[in-house]
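Subject: The structure we talked about

Hi,

Here is the structure I promised to pass on. Have a look at it first, then read my notes underneath.

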Amino acid sequence: MTDEKNALAVTLFSEILTADQLLRNRLSRVLPKGMEISHFSVLNHLVFVGDERSPAQLANTFHVTRGAMTNTLAKLEWAGYIHIRPDWDDARRKMVAISPAGRRARDQAISSIAPLINRVVDELGLERVRSALPVLRDLRLQLEGE
């Protein structure tokens, strides 16, 4: 790898990691009290897919260990945001569904973060954000494939 290519790669990943940290900090401050980014992410995903998922499927989707997902799901279940039931086809597995309270919590979270993320998009400009998405998506897909 050339020095120029190496510097470019390091700079790209440094910018992504720094932006991720800054965004997580800001989102954590505006999410409803007690809600973590991981909680919001799971609730948002369950709304988006519109169906139940197993804990293993959720762990795979979010690229976390099953233990980490189990911890997140336990907190969401305790809050009443999800229902966990046995899988009727395989008693060794469980299935996770969002509850009405979880849907309301997710909607409240969306309302809380919308001003922040909309302001960022407004300041960057729609065209710049639109042009960045394919590169970020390709990067994600490449990293997922490894």
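The protein has six helices and two strands, and starting from the N terminus the elements come in the order α-α-α-α-β-β-α-α. Keep in mind that this is a predicted model. Taken along the principal axes, the C-alpha atoms fill a box of roughly 55 × 35 × 25 Å. The protein has 146 residues, and 24% of them are buried. Now look at contacts with a separation of 6 or more: 52% of those join residues that sit 24 or more positions apart.

**Helix H2**

I'd start with H2, which has 13 residues. From first C-alpha to last, H2 reaches 18 Å, close to the 18 Å expected at 1.5 Å a residue. Its buried residues are Ile-37, His-39, Phe-40, Val-42, Leu-43, His-45, Leu-46 and Val-47. What do the buried residues of H2 pack against? The partners are H1, H3, H4, E1, E2 and H5.

Pick out His-45, which lies in this helix. Is His-45 buried or exposed? His-45 counts as buried because its relative accessible area is 16%, and the cut-off for buried is under 20%. Leaving aside neighbours within four places in sequence, His-45 is in contact with Arg-53, Leu-58, Thr-61 and Phe-62. Just after H2 you'll meet Gly-50, which takes a positive phi of about 65 degrees.

**Between H3 and H4**

Another histidine to click on is His-63, found in the loop between H3 and H4. His-63 is not a glycine, yet it has a positive phi of about 55 degrees. Its relative accessible area is 53%, so His-63 is exposed; the cut-off for that class is over 50%.

**Helix H4**

Next comes H4, covering residues 66-78. This helix has 13 residues and reaches 18 Å from its first C-alpha to its last, close to the 18 Å expected at 1.5 Å a residue. Met-69, Thr-72, Leu-73 and Leu-76 are buried in H4. Why do these four end up on the same side of H4? They cover an arc of only 100 degrees around the axis, which puts them there. There is a general rule behind this sort of pattern: an α-helix has 3.6 residues a turn, so residues three or four places apart point the same way.

As for what covers the buried residues of H4, the list includes helix H2 (37-49), helix H3 (55-62), strand E1 (82-86) and strand E2 (94-98). H4 is followed by Gly-80, whose phi is positive, near 85 degrees.

**Ile-82 in strand E1**

Ile-82 lies in strand E1 and is buried, with a relative accessible area of 3%. Leaving aside neighbours within four places in sequence, Ile-82 is in contact with Leu-43, Leu-46, Leu-73, Leu-76, Glu-77, Val-96, Ala-97, Ile-98 and Ser-99. You have already met some of these names: Leu-43 and Leu-46 are among the buried residues of H2, while Leu-73 and Leu-76 are among those of H4. Try finding Leu-46 and Ile-82 together: they are 36 residues apart along the chain, and their C-alpha atoms are separated by 9.4 Å.

**H1 crossing H5**

Now turn to helix H1 (residues 3-30) and helix H5 (residues 100-124). How do the axes of H1 and H5 cross? They come within 9 Å and cross at roughly 145 degrees, and the crossing is right-handed. H1 brings Arg-26, Leu-27 and Val-30 to the contact, and H5 brings Ser-112, Ile-113, Leu-116 and Ile-117. Sorted by class, that makes five nonpolar residues, one polar and one charged.

**Val-129 in H6**

Last stop: Val-129, which lies in helix H6 (residues 126-145). Val-129 counts as partly exposed because its relative accessibility is 22%, and buried would need under 20%. Apart from neighbours within four places in sequence, Val-129 is in contact with Val-121 and Leu-124. Leu-116, which you saw in the contact between H1 and H5, is 13 residues from Val-129 along the chain, and the two C-alpha atoms are separated by 15 Å.

Happy clicking!

Definitions and conventions: Residues numbered from 1 in each chain as written. Predicted model: local features only at pLDDT ≥ 70, side-chain atom pairs only at ≥ 80, totals over all residues. Heavy atoms only, no water. Expected span 1.5 Å × (residues − 1). Buried < 20%, exposed > 50% of the residue type's maximum accessible area, 1.4 Å probe, protein only. Arc of directions from axis to C-beta. Contact = heavy atoms within 4.5 Å. Axes fitted to C-alpha atoms, helices over the stretch in contact; angles between N-to-C directions. Left-handed = near helix turned anticlockwise from the far one by under 90°. Nonpolar A, V, L, I, M, F, W, Y, C, P; charged D, E, K, R; others polar.
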